[in-house]
Amino acid sequence: METTTNLTNQARERIAAAATEDELRAIEREYLDKGGIVAGLLAAVPSLPGPERPAAGRAANQLKLEIQAALASSRERLAQAALAALRSSAGFDATLPAVRAERGSLHPITQLTRELTDLFHAMGFLVLDGPEVETDLHNFEALNIPKDHPARDMQDTFRCDPEGKLVLRTHTSAVQVRAMRRLKPPFRAIVPGKVFRQETTDASHEHTFHQMEGLVIDKHISVAHLISTMKVLLRGVFGREIEVRLRPGYFPFVEPGFELDARCPFCKAGCSVCKQSTWIELLPCGMVHPNVLRASGIDPEVWGGFAFGLGLSRLVMLRFQIDDVRRLLAGDLRFLEQFS
Ligand code: FA5
């Protein structure tokens, strides 16, 4: 007990006299660090006679608390002294405004991708990724688009080698076959990502843009499941129920295939966004073609499913009222700063 009282007094004096943070840190190390004085006292407690141990343990802990308190108040003393010195130095003006910290913000595509990812996650969907440089097999062949098939002309392709074995993926559908080969049905997955097309660009066409693929493989899946999932998606994006309609659409990897239109969320009687039609073409989709299931090693007699290919860049445009898709990836900070 006597030792701890002496140690407390000694430590207090030294801490009160310390003139720099380095000195305080040295005292702190000596007393409080692993292998320091307090640790030594605590380690000695078990060797004391039984009745003395509780009081000795308490005294050692008390020493630790006192030193910590003394260190904190000395640090405050040093900080105040440093501030006072700064204030009295020439040129210091406490009334000058502080330098504004620049805050970054998430890109609108990232914002919407995260929202949609959360939404689909809640419905049991996995979130998958795939390579942007793809094989012809995944991008076309296994999706029921053989070589020389006219459907290849629907998407102008950047080829990466003279033989055309590697391409920049033209759609996130390329990940469908990878997913089906890797995961055992039943499963649900979405694939947000960048895709590339050799396009003449305009306000609604970019050579590099984002899509989000959706794929559900299970038993007894019908068009009704597809429509209700799309409605949940649109309610999540626009915050309210949106009327939808299906039109026939042709994609070799789905049968039947549809174009899903959404009732324009911006007008009642027609506007520039919906080209005066009150409908917006939003989501190509359909029931997965048996040939695609077969190419992925899944028995189409047992399993079925639906797939959709959301034009994520177009949806971002609608959601944030952006008039030109080319703004999205142009990297202009004046544009991007509006989405913080
Ligand atoms: C496809 O890419 C199909 N893979 C979609 C699909 C998936 C159908 C699953 C059926 C089942 P499409 O070429 O129509 O389809 O493109 C899909 C969406 O991407 C379009 O609706 C559009 O919103 C968007 N899109 C297409 N081209 C561009 C472009 N150049 N710039 C920006 N968005 C584009």
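A residue is taken as buried when its relative accessible area is under 20%, and in this predicted model Phe196, with a relative accessible area of 11%, is therefore classed as buried. Phe196 belongs to strand β4, which covers residues 187–196. When residues up to four places away in sequence are set aside, Phe196 is in contact with Glu132, Asp156, Phe158, Leu168, Arg169, Thr170, His207 and Thr208. The C-alpha atom of Phe196 is separated by 14 Å from that of Asp136, a residue 60 positions away along the chain.

The ligand is surrounded by 22 residues, of which the closest are His171, Ser173, Arg197, Glu199 and Glu206. Polar side-chain atoms approach the ligand at several points: a polar atom in the side chain of Ser173 is placed 2.7 Å from a ligand nitrogen, whereas an N or O atom in the side chain of Arg197 lies 2.8 Å from a ligand oxygen. In the case of Gln211, an N or O atom of the side chain is found 3.1 Å from an oxygen atom of the ligand. Of the 680 Å² that the ligand exposes when taken alone, 93% is buried by the protein.

On the protein surface, Leu83, Leu86 and Phe92 form a nonpolar patch of about 240 Å². Leu83, one of the residues of this patch, is located in helix α4, which comprises residues 53–88. Because its relative accessibility is 34%, Leu83 is counted as partly exposed.

Note on methods: Residues are numbered from 1 along each chain as its sequence is written. This is a predicted model: local features need pLDDT of at least 70, side-chain atom pairs count only at pLDDT 80 or more; totals for chains, interfaces and linings use all residues. Side-chain values use heavy atoms; hydrogens and water are left out. Patches are made of residues with over 30% relative accessible area and no salt bridge: like charges are joined within 9 Å, nonpolar side chains (Val, Leu, Ile, Met, Phe, Trp, Tyr) within 5 Å. Accessible areas come from the Shrake-Rupley method with a 1.4 Å probe; for residues, only the protein chains shown count as cover. A salt bridge is a side-chain nitrogen of Lys or Arg within 4 Å of a carboxyl oxygen of Asp or Glu. Helices (H or I, at least four residues) and strands (E, at least two) are DSSP runs, numbered from the N terminus. Buried means under 20% relative accessible area, exposed over 50%, partly exposed in between (1.4 Å probe, protein chains only). A residue is near a molecule or strand if one of its heavy atoms lies within 4 Å of it. A polar contact is a pair of N or O atoms within 3.5 Å; within protein, one must be able to donate a hydrogen and the other to accept it, and residues adjacent in sequence count only if both atoms are side-chain atoms. Contact means heavy atoms within 4.5 Å.
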